[in-house]
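Q: How does one read a ligand site and a sheet from a set of coordinates? Please take them in turn.

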Amino acid sequence: MAELIIEGCRRLDGSIKVQGAKNSALPILAATILCKDQSVLHNCPCLSDVDVSIKILRYLGCMVNRDGDTLLVDSDTVNNSEIPQNLMREMRSSIIFLGAILSRVNKAKLSFPGGCELGPRPIDLHLKALAQMGVAIEENHGVLECHAPDGLHGAKIALSFPSVGATENIMLAAVCAKGTTVITNVAREPEISDLADFLNACGGRVSGAGESTIFIDGVDTLTGAQHCIIPDRIVAATYISAVAISGGRLFLKQIIPSHLGGVISVFEDAGCSFDFKPDGVMVYAPYRLLPVKLIRTMPYPGFPTDAQAPVMAMCTKARGTTIFVENIFESRYKHVDELSRLGAKINVQGKVAIVEGVKRLSGACVEAQDLRGGAGLVVAGLGAEGTTHINGLKYIERGYEDIDVYLSSIGANIKKL
Ligand code: EPZ
């Protein structure tokens, strides 16, 4: 399996243009199914999760072509309502296609997305909401069969948790449904607003995205549109963590400062400083990081769960103790054992991880177990003396474009084998 080799403890200094957001590209790619003609998506990152989404679109009958970071999707010839098990297994978040397929052809068949590295990934909120919109759902031996014989209709949906995926699935099911849909307690992540912007550009009538209630008036059809995907705030937070642990500085191009609200204060508490410019932000790291007393992962605009592992890696060398509370996923500490192999001192008690900063980390062979945990190992490897081998690069490539190239461009000694 491909691996990364890092010679750590080099000061990083340079600039990086942040890639398009994976978690915005995926639901927007699903949304193209609703358009009976061509959509053009700019700033679409080159990631394995995007590649799987393209395979699913082609399987459903769409024509998809990539021209650099621009994707052309023509969904006029959608002729299938089923996602095969192998593609569902390749990417758990392909459940996001359910609402779009139902909206387009009033039926869908896909295998139940099993759990993943982060623990069980239930979809009860998705299914409960779709049932309220007129979908009959059967689950037989792990296969979900959904039918909406009379088409989808609007509903008043109260989410018991602001689930990102459920919010997106409901938006995709509601945008061409008969009547109005009101969704309360929705996810407020920037990726939700980006999806709403794309749907409205296609002729949809979605309002309230970014707030806690979304209103959707169903329209008859959507026509393809041009759209530029927002920058990836989690990738930005990861590169800030990398520079922070290395005591360097970094100019991050084309980020949207308001999307980093939940993390900037954490990096400032750790001793980093930020200089916001019109086209990006300059980040300065201190010689040695201060501990961040308490970091609790929360739905947006709180501290994002996806940034927990990279920021934890950064905190392993802080001058003191940082406490993490992981409130979103039930097992998102798989990177802790691997960080400990590099010399980190971390004690996990259920949702709580207590990170006691150490003066130095030393290189070792470690194994990525999931996407963001793998990114955390890269951050720690950059701060470790000697050589770190990171196995499981396939996890990291799900969400990070050419991480070795980007980090080498700012002075890291990192190679992909
Ligand atoms: C999205 O996953 C992201 N993935 C995740 O990013 C991110 O960690 C997560 O939102 C939270 O921000 C994509 O956008 C493709 P949720 P999603 O539904 O939609 C529970 C990454 O690293 N839940 O907000 O699956 C669920 O078990 C990935 O890029 C239910 O109980 O997240 C979890 O504990 C990892 N029932 C919590 O809610 C449901 O029906 C948050 O899940 C749905 C969710």
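The dialogue below goes through the ligand site and then one sheet of this predicted model.

Q: Which residues are the closest to the ligand, and how many surround it?
A: A residue belongs to the shell if one of its heavy atoms lies within 4 Å of the ligand. Here 24 residues surround the ligand, and the closest are D124, L125, S163, D306 and I328.

Q: How do the residues of that shell divide into nonpolar, polar and charged?
A: Eleven are nonpolar, six are polar and seven are charged.

Q: Which side chains have a polar atom at 2.9 Å from an oxygen atom of the ligand?
A: The general idea is to look for pairs of N or O atoms within 3.5 Å. In this model K22 has a side-chain N or O atom 2.9 Å from an oxygen atom of the ligand. R372 also places a polar side-chain atom 2.9 Å from a ligand oxygen atom. For a nitrogen atom of the ligand, the side chain of D124 supplies a polar atom at 2.7 Å.

Q: How much of the ligand does the protein bury?
A: The ligand taken alone exposes 820 Å², and 85% of that is buried by the protein.

Q: Which elements give two or more residues to the shell around the ligand?
A: They are α1 (22-31), α5 (124-132), α6 (164-174) and α12 (371-382).

Q: Where does the ligand lie with respect to domain 1 and domain 2?
A: One checks which domains give residues to the shell. Domain 1 (4-19 + 231-416) and domain 2 (22-228) both do, so the ligand lies between them.

Q: Turning to the sheet, in what order do the four strands stand, and is the sheet open or closed?
A: The sheet is open, its order is β2-β15-β17-β16, and the pairing is mixed.

Q: Why is one side of β2 and of β16 left without a neighbour in the sheet?
A: β2 (13-17) and β16 (273-277) stand at the edges with a single partner strand each, so one side of each has no neighbour in the sheet. From one strand to the next, the twist averages 15°.

Q: Which pairs run parallel and which antiparallel?
A: The pairs can be read across the sheet. β2 runs parallel to β15 (residues 249-253), joined by five bridges, and D13 stands opposite R249 in β15. β15 and β17 run antiparallel, again with five bridges; there the bridge partner of R249 is Y284 in β17. β17 (residues 280-284) and β16 are antiparallel over five bridges, with F276 opposite V281 of β17.

Note on methods. Residues numbered from 1 in each chain as written. Predicted model: local features only at pLDDT ≥ 70, side-chain atom pairs only at ≥ 80, totals over all residues. Heavy atoms only, no water. Polar contact = N/O pair within 3.5 Å; in protein donor to acceptor, adjacent residues only side chain to side chain. Areas by Shrake-Rupley, 256 points an atom, 1.4 Å probe, with all protein chains shown as cover. Nonpolar A, V, L, I, M, F, W, Y, C, P; charged D, E, K, R; others polar. Domains from an automatic or database assignment. Pairing = 2+ DSSP bridges. Axes fitted to C-alpha atoms, helices over the stretch in contact; angles between N-to-C directions.
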